[in-house]
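Ready to practise reading a protein model? Work through the exercises below one at a time, and try each task before you look at its solution.

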Amino acid sequence: MVKTNIPFYLSLAGIAGIVFFLALERVFPFRRMTLLPWQRWLINFSLSFCNLLIVDQGFVILLQRTSLFTELFHLDLFGRLGLNSFSRVILTIVILDLAMYVWHRLNHAIPFLWRFHRVHHSDREVDVTTASRFHFGEVTLGAMINYALMLSLGASIWEVRIFKVIFVFMTQLTHSNIRIAKPQEDIFWLVFVSPSMHRIHHSDIRCETDSNYGTIFSVWDRLFRTIVSGVNAKKLHFGLKEFEKPQELTWPRLITMPLKPVERKK
Ligand SMILES: [Zn+2]
């Protein structure tokens, strides 16, 4: 059986990534933060801690013990195709990243999913801690999809761990408030998602929010024509127009945000 609970060292790698990018944000900041960081950081980290407890330690273990779910999705495609270990690792990364692109698009397109995903988009600044700001409802549903895919592919625990490390690192990088020289970032953007590309996704203008969905590879946004570029990220307004007031962005309000009706402003 494939185990999906994040082991201790994977959590440590995530914490190390946050410390690393926070240090880079201090040395090479992209833009000056207008809000005091501590309040946002506390909220973002506490949401992340909640997810770690509820999803990684509870829900996924429960799912692993549910034989019906395992039997339904255990197709073991890699095993049937007889792929070598290198192809298996590459395919795991590419397929799971594509799945996350589709999942992210669905989170924007389906009002029920948007109720949860807007917690992530409600952050009025974007830095590495935004990469930890997700509602446990979204993370739970995402974990189910991830688990079903792992079973279908027959990916090993190590193949999935390699994907997870890269995925978490790229999520942290693309949310970081770091300045990268344009020529270098343009080259990076040819293959991978860059911080500039993802900042546009956090704009409070809806046509920009509904673009640049990728996490690791930029090819999915190019292929499915959801890429937006050429926006001056220094002038972007982050967050959501429908949740601008600080009193709407407290921890209890964020946890209960999915209960609020969906009303998206242009
Ligand atoms: Zn999004």
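**Exercise 1. Which side chains does D123 meet in salt bridges, and where do they sit?**

Step 1. Start with D123 and R133, whose side chains form a salt bridge at 3.7 Å, N to O. The term stands for a side-chain nitrogen of Lys or Arg within 4 Å of a carboxyl oxygen of Asp or Glu. D123 and R133 both lie in the loop between α6 and α7, so their pairing ties together parts ten residues apart in sequence. Helices here are DSSP runs (H or I, at least four residues), numbered from the N terminus.

Step 2. Before going on, note that this is a predicted model, in which local features need pLDDT of at least 70 and side-chain atom pairs count only at pLDDT 80 or more, while totals for chains, interfaces and linings use all residues. Residues are numbered from 1 along each chain as its sequence is written, and side-chain values use heavy atoms, leaving out hydrogens and water.

Step 3. Now look at R40, which forms a salt bridge with D123, with 2.7 Å between the closest N and O atoms. This pair links distant parts of the chain, 83 residues apart: R40 is in helix α2 (residues 37-64), and D123 is in the loop between α6 (111-121) and α7 (136-153).

**Exercise 2. Are D123 and R133 buried or exposed?**

Step 1. Recall the cut-offs: buried means under 20% relative accessible area, exposed over 50%, and partly exposed in between (1.4 Å probe, protein chains only).

Step 2. D123 has a relative accessible area of 1%, so D123 is buried. R133, at 3%, counts as buried too.

**Exercise 3. Which residues are joined into one network by salt bridges that share partners?**

Step 1. Add one further pair: R40 also forms a salt bridge with D127, the closest N and O atoms being 2.9 Å apart. D127 is in the loop between α6 and α7, 87 residues from R40 in helix α2. Both R40 and D127 are buried.

Step 2. Put the pairs together: R40, D123, D127 and R133 form one network through shared partners.

**Exercise 4. What is the sign of phi at N212 and R225, and is each residue buried or exposed?**

Step 1. Most residues other than glycine have a negative phi. N212 has a positive phi, near 50 degrees, and R225 has a positive phi, near 55 degrees.

Step 2. N212, in the loop between α11 (206-209) and α12 (219-223), is buried at 1% relative accessibility. R225, in the loop between α12 and α13, is exposed at 76%.

Conventions
Helix = DSSP H or I, 4+ residues; strand = E, 2+ residues; numbered from the N terminus.
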